[in-house]
Amino acid sequence: AIEIEEKAYAPDHPTLAVSYSNLGMVERDLGNLDAARDLLKRAIEIKEKAYAPDHPTLAVSYSNLALVEQDLGNLDAARELDQRAAEIRKKRAGA
């Protein structure tokens, strides 16, 4: 899907972000944590350009990347990402 989407869309199109995120989570499930992290980071880069900083899709992406960072033993990074996700959710809940 990503190969097709990379030909059909601009490099920073949100559709690609969804595919990168999905593949990133599959790579995590397969134990390919470095690949998962790279894909999830790319998805976040795209989403940060496409959406407001408090958009719920970013909260999901930060949480997903936090899981990978936790799996890699990067607990400080995981905590920071989870805190960012929680801030978005809290802000959205009060909106």
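The points below go through the helix packing, the nonpolar cores and three buried residues of this predicted model.

1. Helix α2, which covers residues 14–29, packs against helix α3, residues 33–50, at an angle of about 160 degrees, and the axes of the two helices lie 8 Å apart. Since an angle over 145 degrees counts as roughly antiparallel, α2 and α3 are therefore roughly antiparallel to each other. The crossing in which α2 passes α3 is left-handed.

2. On the α2 side, the contact with α3 is made by P14, L16, A17, Y20, S21, L23, G24, M25, E27 and R28, while α3 contributes L33, A35, A36, L39, L40, R42, A43, I46, K47 and A50. Sorted by class, the residues in this contact of α2 with α3 are 14 nonpolar, two polar and four charged.

3. Further along the chain, helix α4 (residues 56–71) and helix α5 (residues 75–94) pack with their axes 8 Å apart and at an angle of about 160 degrees, which makes α4 roughly antiparallel to α5. Here too a left-handed crossing is found, in which α4 passes α5.

4. The residues of α4 that take part in this contact are P56, L58, A59, V60, Y62, S63, L65, A66, E69 and Q70, and they meet L75, A77, A78, L81, D82, R84, A85, I88, R89 and R92 of α5. The contact of α4 with α5 has, by class, 13 nonpolar, two polar and five charged residues.

5. The largest nonpolar core of the model holds 15 residues, and those with the most contacts inside it are L40, Y62, L65, V68, L81 and I88. Two or more residues of this core come from each of the elements α3, α4 and α5, and α4 gives the most, with six residues. For one of these residues, L65, the contacts beyond four places in sequence are with R37, L40, K41, I44 and L81. Another core, of seven residues, lies apart from the largest one, and among its members are I2, L16, A17 and I46.

6. A36 belongs to helix α3, and with a relative accessible area of 0% this residue is buried. When residues up to four places away in sequence are not counted, A36 touches G24, E27, R28 and V68. A36 and S63, which stand 27 residues apart in sequence, are 13 Å apart in space when taken from C-alpha to C-alpha.

7. Is E5, a residue of helix α1 (residues 2–8), buried or exposed? Its relative accessibility is 14%, and E5 therefore counts as buried, given that the cut-off for buried is under 20%. Not counting residues up to four places away in sequence, E5 touches T15, L16 and S19. Between the C-alpha atoms of E5 and L75, which are 70 residues apart along the chain, the separation is 33 Å.

8. S19, whose place is in helix α2, is likewise buried, at a relative accessible area of 12%. Leaving aside the neighbours within four places in sequence, S19 is in contact with I2 and E5. The pairing of S19 with E5 thus appears from both sides, as E5 in turn touches S19, and I2, the other partner of S19, is one of the residues in the core of seven.

Key:
Residues are numbered from 1 along each chain as its sequence is written. This is a predicted model: local features need pLDDT of at least 70, side-chain atom pairs count only at pLDDT 80 or more; totals for chains, interfaces and linings use all residues. Side-chain values use heavy atoms; hydrogens and water are left out. Axes are lines fitted to C-alpha atoms, for helices over the stretch in contact, and angles run from 0 to 180 degrees between N-to-C directions. Helices (H or I, at least four residues) and strands (E, at least two) are DSSP runs, numbered from the N terminus. Angles under 35 degrees count as roughly parallel, over 145 as roughly antiparallel, 65 to 115 as roughly perpendicular and the rest as oblique. A crossing is left-handed if the near helix is turned anticlockwise from the far one by less than a right angle, and right-handed if clockwise. Contact means heavy atoms within 4.5 Å. Ala, Val, Leu, Ile, Met, Phe, Trp, Tyr, Cys and Pro count as nonpolar, Asp, Glu, Lys and Arg as charged, and the others, Gly among them, as polar. Buried means under 20% relative accessible area, exposed over 50%, partly exposed in between (1.4 Å probe, protein chains only). A nonpolar core is a set of buried Ala, Val, Leu, Ile, Met, Phe, Trp, Tyr and Cys residues joined through side-chain atoms within 4.5 Å.
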